[in-house]
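Hi everyone, thanks for making time today. I'd like to walk you through one model, and please have the viewer open while I talk.

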Amino acid sequence: MSMKDLIRITRTVRRYRQVVRKLEGHFGPTTRLDEIDREKAAKFKAKLAKTLEPTTVAKNLAVAKLLFGELVDQERIGRNPFAKIRTY
């Protein structure tokens, strides 16, 4: 592993944390993850689109899809609400 790899990993972790904070800010800290449906995910995207550039919205949604996909894989939630939300 090189320093370049370490920097890339650090940036990735930072991005994931930013997205988790945005999700928490939008849905609230006490919302159960299995209560977030596709409609709520679409509203999250719309909120992001009001203040962020399209590329940044897409990156944030890609991370949300990945995180919720992992929760599905771990059988913590039944379906990924971000799975069919377009990132563009």
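Let's begin with a question: which residues line the largest pocket? Before I answer, one reminder: this is a predicted model. The lining consists of Val20, Leu23, Glu24, Phe27, Gly28, Pro29, Thr31, Leu33, Ile36, Leu67, Phe68 and Leu71. The space inside comes to about 230 Å³. As for where those residues sit, α1 (3-27) and α3 (54-73) each supply at least two of them, and α1 gives the most, with four residues. If you are thinking about chemistry, the lining divides into nine nonpolar residues, two polar and one charged.

There is a second largest pocket too, with a volume of about 160 Å³. Around this one you will find Leu33, Asp34, Ile36, Asp37, Arg38, Ile77, Gly78, Arg79, Asn80 and Pro81. Here the lining splits into four nonpolar, two polar and four charged residues.

Let me step back to the overall picture. The chain has three helices and zero strands, so to speak an α-α-α pattern when you read along the sequence. Its C-alpha atoms fill a box of roughly 40 × 30 × 25 Å along the principal axes. Of the 88 residues in the chain, 25% are buried. And if you take contacts between residues at least 6 apart in sequence, 53% of them join residues at least 24 apart.

Now to the inside. In soluble globular proteins, nonpolar side chains tend to be buried together. In this model, the largest nonpolar core has 16 residues, and the ones touching the most other members are Leu23, Phe27, Phe44, Leu61, Phe68 and Phe82. Helices α1, α2 (38-51) and α3 each supply at least two residues of this core, with α3 giving the most, six residues.

You may have noticed the phenylalanines in that list, so which of them belong to one aromatic cluster? Phe27, Phe44, Phe68 and Phe82 do. The structure holds three aromatic pairs, and I'd like to show you two. In the pair of Phe44 and Phe82, the ring centres are 6.0 Å apart and the planes stand at 85 degrees, so this pair is edge-to-face. Phe44 lies in helix α2 and Phe82 in the segment after α3, so the pair ties together parts that are 38 residues apart in sequence. Phe44 counts as buried because its relative accessible area is 1%, and Phe82 is buried as well, at 0%.

The other pair is Phe68 with Phe82: the centres are 5.2 Å apart and the planes are at 50 degrees, so this one is tilted. It links distant parts of the chain, with Phe68 in helix α3 and Phe82 in the segment after α3, 14 residues apart. Both Phe68 and Phe82 are buried.

Please stay on Phe82 for a moment. Which residues does Phe82 contact, leaving aside its neighbours within four places in sequence? They are Leu23, Phe27, Ala41, Phe44, Leu61, Ala64, Lys65 and Phe68.

Next, a look at Tyr16 and Asn60. Tyr16 is found in helix α1, and Asn60 lies in helix α3. These two are 44 residues apart in sequence, and their C-alpha atoms are 8.3 Å apart in space. Is each one buried or exposed? Tyr16 is partly exposed, because its relative accessible area is 29%, while Asn60 counts as buried at 0% relative accessibility. Not counting residues up to four places away in sequence, Tyr16 touches Val63, Leu66 and Leu67. By that count, Asn60 touches Arg15, Val19, Lys22, Leu48 and Leu52.

One last stop, for those of you who like backbone angles. Glu75 has a phi near 60 degrees, a positive value in a residue other than glycine. Glu75 is found in the segment after α3, and at 72% relative accessibility this residue counts as exposed.

That's my tour, and I'm happy to rotate the view to any of these places while we talk.

Note on methods: Residues are numbered from 1 along each chain as its sequence is written. This is a predicted model: local features need pLDDT of at least 70, side-chain atom pairs count only at pLDDT 80 or more; totals for chains, interfaces and linings use all residues. Side-chain values use heavy atoms; hydrogens and water are left out. On a 1 Å grid over the protein atoms alone, a cavity is a set of points where a 1.4 Å probe fits but cannot get out, and a pocket is an open set with protein on both sides within 12 Å along at least five of seven lines; lining residues have an atom within 4 Å of a point. Grid points are joined across faces, edges and corners, and a volume is the space filled by probe spheres set on the points. Ala, Val, Leu, Ile, Met, Phe, Trp, Tyr, Cys and Pro count as nonpolar, Asp, Glu, Lys and Arg as charged, and the others, Gly among them, as polar. A nonpolar core is a set of buried Ala, Val, Leu, Ile, Met, Phe, Trp, Tyr and Cys residues joined through side-chain atoms within 4.5 Å. Buried means under 20% relative accessible area, exposed over 50%, partly exposed in between (1.4 Å probe, protein chains only). Contact means heavy atoms within 4.5 Å. Rings of Phe, Tyr and Trp (its six-membered ring) pair if their centres lie within 6.5 Å; planes under 30 degrees apart count as stacked, over 60 as edge-to-face and the rest as tilted.
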